[in-house]
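Please look through the sequence and the structure shown here before reading on. The report that follows begins with the whole chain and then turns to a few single residues.

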Amino acid sequence: MTSLLKKKSDPENEHLKIVYNRFRNSVSREIRVNKEKHYNTYFVNCQNNMKKTWKGINELISSRAKTPVNISQIKTDDDTLINDPNKISNSFNDFFVNVGSNLDKKIPKTPISPLSYLRSRVENGFNFKLTTNADVMMLLLQLDDSKALGTKDIPIPTLKIAAPVIVPYIVNIFNLSLQTGNFPNALKLAKVIPIFKTGSKLLVTNYRPISLLPVLSKIFEKIVHKQLFEFLELNSVIYESQFGFQKNKSTLHSLIEIIENIRNCIDNSNYGCGIFIDLKKAFDTVNHNILIQKLEHYGVRGQSLKWFASYLSGRSQFTFCNSTSSEKKTVTCGVPQGSVLGPLLFLLYINDLPNISQKLKFYLFADDTNIFYQSSNLEDLQTILNRELKKLSLWLNANRLALNISKTNFVIFAAKNKLLKNVTLLINKKAIQQKNYVKYLGVLIDSKLTFKDHIMAVSKKVSRITGAMYRIRNYVNDKTLKGN
């Protein structure tokens with residue numbers, strides 16, 4: 001023991017300890033300084049991109065290193081566990097490919113034609129304009145270098161370097177496609193990555209698909225999207241209270257219009273009812289034949305319609321997980337996930353929904369649908385809404401869309417001094433849940449329009465954000481913390 005004490009107090013060891021501490025502190029200081037420089041630059045470069053901003057914040061406050069998600073096993077319908085990577089990837093792909101068609105089988109058949117709800121046929125015809133080298137060059141150079149690639153894609157930075165050489169050939173392919181009405185098969189293959197949502201990690205139903213399409217497909221779709229959207233805008237095709245996927249319209253515009261309508265209702269001493277519709281896998285269940293017929297109604301005809309039919313048909317996908325690719329399978333319904341054109345096509349698919357009723361007011365944000373009706377009498381409100389909801393059910397069946405009844409609910413709005421009774425609303429003989437408040441497009445809207453629930457939720461969120469700022473304060477300067 002005495003020898004150990006002497007060894008500890010040895011001047012040479014003390015000197016080494018001092019040198020070690022000096023270098024350790026120097027290295028720690030350099031790491032801290034460079035880390036601060038890195039994150040200050042990072043946050044400045046992404047100050048208009050909240051997704052990247054939060055990614056950086058989470059990197060700083062995360063106490064555990066992130067590891068790639070490995071799906072080691074899943075459970076089949078008969079509770080058998082699968083461990084083989086090939087079987088796992090194929091099970092995911094089977095589920096993702098068939099989710100739309102399997103849901104369609106459960107939707108009741110109806111003799112009503114989906115076209116019977118359409119109004120005001122567009123007489124003007126939509127025709128493609130040929131694209132140019134300048135158009136394609138601009139879109140190619142605007143691509144985000146960090147975006148994940150589809151199958152067999154060339155890295156985006158490499159494409160940009162080669163752009164002066166390859167752009168004329170790409171333009172030629174695009175223009176031939178528009179002229180012949182044939183979308184290239186090579187651009188129809190999607191690579192799908194399963195992302196865990198919540199619940200048991202053993203169930204494929206608890207994963208959502210992230211679809212990665214070829215880079216050239218995205219460029220081509222942007223060209224077509226711009227031309228089609230300009231035509232639809234010029235002919236006033238899209239429903240006026242559709243706020244999704246459109247220029248100069250956002251969730252804020254939708255919320256302002258809805259809340260003003262509720263406020264006017266309360267000011268007039270009426271009862272108002274907001275029904276918040278949730279559709280099951282809406283983008284996955286779009287029927288291609290119905291969509292093509294609706295496109296024709298809205299002015300897409302001849303060679304242009306042939307191109308869209310080609311774009312939708314013959315698409316396939318494979319699922320990639322655990323470094324293993326599944327077999328390719330054909331997709332028979334739905335708009336292409338992860339695509340540029342998919343959301344716009346979906347808007348056209350549900351564009352005639354408001355035509356089902358002269359009494360109800362519809363507010364749409366893509367597949368988020370809010371139905372509003374007001375009356376001075378609560379019993380009359382219930383009677384009329386139940387009658388009109390039968391029309392909604394018929395429209396959904398005709399268009400092969402399914403309602404998620406467990407996530408569909410309604411709120412009765414009224415002044416603070418008005419007595420509220422329970423109201424019963426039914427769709428397909430199933431009761432919709434009545435709530436005191438509902439979350440719509442990120443805002444909690446309560447029955448008296450006090451926003452107390454929303455204020456409490458925002459307060460909790462601000463508290464979490466303040467905590468995050470406190471935890472990253474040593475890695476960024478004050479200017480970055482303030483977001484200047």
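A salt bridge, as the term is used in this report, is a side-chain nitrogen of Lys or Arg within 4 Å of a carboxyl oxygen of Asp or Glu. A residue is called buried when its relative accessible area is under 20%. The model is a predicted one, and the values given below are to be read with that in mind.

## The protein as a whole

The protein contains 14 helices and 18 strands, and its C-alpha trace spans about 95 × 70 × 55 Å along the principal axes. Of the 484 residues, 43% are buried. When contacts between residues at least 6 apart in sequence are considered, 74% of them join residues that are at least 24 apart.

The accessible surface of the protein amounts to about 27000 Å², and carbon and sulfur atoms account for 53% of that area. The protein carries 68 positive and 37 negative charges, and the mean positions of these two sets lie 3 Å apart.

## A buried acidic residue

Asp-284 belongs to the loop that runs between strand 6 (279-280) and helix 9 (288-297). What is the nearest side chain of opposite charge to Asp-284, and how far away is it? That side chain is Lys-281, at 5.0 Å, and Asp-284, although buried, has no salt bridge. The cut-off for a salt bridge is 4 Å.

The side chain of Asp-284 does, however, take part in a polar contact of 2.9 Å with the side chain of Gln-337. Gln-337 also appears among the contacts that Asp-284 makes when its neighbours within four places in sequence are left aside, together with Val-99, Gly-100, Cys-333 and Gly-334.

## Two residues with positive phi

Lys-281, named above as the nearest side chain of opposite charge to Asp-284, lies in the loop between strand 6 and helix 9. Its backbone has a positive phi of about 45 degrees, although Lys-281 is not a glycine. Lys-281 is partly exposed, with a relative accessible area of 33%.

Ala-366 is another residue other than glycine with a positive phi, in this case near 55 degrees. Is Ala-366 buried or exposed? Its relative accessibility is 5%, and Ala-366 therefore counts as buried, since the limit for that term is under 20%. Ala-366 sits in the loop between strand 10 (361-365) and strand 11 (368-375).

Key: Residues are numbered from 1 along each chain as its sequence is written. This is a predicted model: local features need pLDDT of at least 70, side-chain atom pairs count only at pLDDT 80 or more; totals for chains, interfaces and linings use all residues. Side-chain values use heavy atoms; hydrogens and water are left out. Helices (H or I, at least four residues) and strands (E, at least two) are DSSP runs, numbered from the N terminus. Buried means under 20% relative accessible area, exposed over 50%, partly exposed in between (1.4 Å probe, protein chains only). Contact means heavy atoms within 4.5 Å. Accessible areas come from the Shrake-Rupley method with a 1.4 Å probe; for residues, only the protein chains shown count as cover. Lys and Arg count as positive and Asp and Glu as negative; His and the chain ends are not counted. The place of a charge is taken as NZ of Lys, CZ of Arg, CG of Asp or CD of Glu. A polar contact is a pair of N or O atoms within 3.5 Å; within protein, one must be able to donate a hydrogen and the other to accept it, and residues adjacent in sequence count only if both atoms are side-chain atoms.
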